[in-house]
Amino acid sequence: MTTKKCHSTPKKFVKNFLDQKMQKYFFGSCARNLKRDFFAPKRWLRDFSMAPTETLVNRNHFLQGMNVLEAIGNTPLVTVTIGGQTLWTKLEFLNPSGSIKDRMAAFMIEDAEKRGLLNTGGTIIENSSGNTGAALAMIAAVRGYKCIITMPDKMSDEKQNLMKGYGARVIVTPTDVPPDSPESYYSVAKRLVKETQNSFYPDQYNNPKNSEAHYCSTGPEIWYQTNGTIDVLVAGIGTGGTISGTGKYLKERNPKVKVIGVDPEGSVFYDYFRYGKLITPHVYKIEGIGQDHLVNALDFNILDDIIQITDKEAFLTGRQLAQQGIFAGGSSGAVVSAALKVSKHHKGKKIIVILPDSGNRYLSKMYNDEWMKKNRFL
Ligand SMILES: Cc1ncc(COP(=O)(O)O)c(C=O)c1O
């Protein structure tokens, strides 16, 4: 494995490589969000000095002695070739709790602490398809809070057990009910917040810190890891935080960057974006992306297009990705599948794909032949 290491100090790196806007970003409002125990800015910058050719070996070297929450972000960007098409994949499953959600969970909790919304002995309560729940449960374990997560019953057992492993209480609710039903995972979380003293509801679907986390970290990382040569960003839409924040940052740096969202068949985003029509949603198997209603964290103005992907396309492409050594989840299969379609119209362009979580979370589902056959995906 070849590694190229930049030996310049963080200060020199900033002086040499970051333009004025980026310096403003690092030392301005975003830097204020990255201080204290969550992300130590100096260490973060030191890691950045390795971009764009950093390796896991180098990362681990620099992470020695750090709080686990400081290991959030700065994930590798690696190439993979599928069907003759090369894509640049951002390995978000290498975040400490195993998904991209660590970034926004850390931002939301730090903000709540600063604003006095979350206090010692407090309880974090959130509705989650699993990954945000795991990220919040990890942060709660480190910071000494209690954590309750409500989760729809279609989500994998692996995710449920992961949250329990971090010490969270998990409440499983029916998937196939409307969002305003008292049984939905949103309503149950909101009710528990009302009933629990000293509790905090991060509200990932409406909290501006969700997309800000990506504006402040995922976007800049991709920009510097590609030396500003990114042409197209392809990412799934769950809450919309990833694509809105990352896309906003990249478009500010270069308005020509195309931002393409990925939505599962059955979710409402695709038809709303393309035809202004709010469809009646139906249940689909891909976890983490798509919604049965519109959400505030998604900024449609950032999107150039949305591609719709079926469960089968997502899972089969995810399995193909594993054959190339990248063991990712179903939403990653969906974005890669979409990126391959996009590449036909963007020949020779550098396409960056965000892979939110690991295949380890779906061993009993998309990586289980019996489950795949039972659901007619094989
Ligand atoms: C597996 C997976 N992929 C993609 C996403 C989408 O990210 P975002 O909520 O930022 O749109 C999520 C969100 O929960 C997820 O869990």
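**Chatting through a predicted model**

Reader: Which residues have the most contacts inside the largest nonpolar core?
Author: Val234, Val335, Ala339 and Val353 do, in a core of 85 residues. A nonpolar core here is a set of buried Ala, Val, Leu, Ile, Met, Phe, Trp, Tyr and Cys residues joined through C-beta atoms within 7 Å. Buried means that 20 or more other C-beta atoms lie within 10 Å of a residue's own; exposed means 12 or fewer, partly exposed is in between, and the C-beta atoms are placed from the backbone. The core draws at least three residues from each of domain 1 (78-99 + 209-374) and domain 2 (101-200), with domain bounds from an automatic or database domain assignment.

Reader: Anything I should know before I start clicking?
Author: This is a predicted model, where local features need pLDDT of at least 70, side-chain atom pairs count only at pLDDT 80 or more, and totals for chains, interfaces and linings use all residues. Residues are numbered from 1 along each chain as its sequence is written.

Reader: Cool. What does Ala339 touch?
Author: Leaving out residues up to four places away in sequence, Ala339 touches Leu87, Val234, Ile351 and Val353. Touching means being in contact, with C-beta atoms, placed from the backbone, within 7 Å.

Reader: And how much of the protein counts as buried?
Author: 47% of its 378 residues. As for contacts with a separation of 6 or more, 70% come from residues 24 or more positions apart.

Reader: Switching topic: how many helices and strands are there?
Author: The protein has 15 helices and ten strands. These are DSSP runs numbered from the N terminus: helices are H or I with at least four residues, strands E with at least two.

Reader: What order do the strands take in the open sheet?
Author: E5-E4-E3-E6, four strands with parallel pairing. Two strands pair if DSSP finds at least two bridges between them. Strand E5 (169-173) and strand E6 (199-200) are the edges, each pairing on one side only. Strand E4 (residues 146-152) pairs with E5 over five bridges, and Met151 stands opposite Val172 in E5.

Reader: OK, the ligand. Where does it sit, and why there?
Author: Domain 1 (78-99 + 209-374) and domain 2 (101-200) both give residues to the shell around the ligand, so the ligand lies between them.

Reader: Which residues come nearest?
Author: Gly238, Thr242, Gly288, Ser331 and Pro356, out of 18 around the ligand. A residue is near if its C-beta atom, placed from the backbone, lies within 6 Å. Helix H7 (131-143) and helix H11 (241-253) are the elements that give two or more residues to the shell.

Reader: How many of the shell residues are nonpolar, polar or charged?
Author: Three are nonpolar, twelve polar and three charged. Ala, Val, Leu, Ile, Met, Phe, Trp, Tyr, Cys and Pro count as nonpolar, Asp, Glu, Lys and Arg as charged, and the others, Gly among them, as polar.

Reader: Where is Gly266 found?
Author: In the loop between strand E8 (258-264) and helix H12 (269-275). Gly266 is partly exposed because 19 other C-beta atoms lie within 10 Å.

Reader: Last one: what's the phi of Asn198?
Author: Near 55°, a positive value in a residue other than glycine. Most residues other than glycine have a negative phi. Asn198 is in the loop between helix H9 (185-195) and E6, and is exposed, with 12 other C-beta atoms within 10 Å. Arg376 also has a positive phi, about 60°, and is found in the segment after helix H15 (369-374).

Terms used. Two residues are in contact if their C-beta atoms, placed from the backbone, lie within 7 Å.
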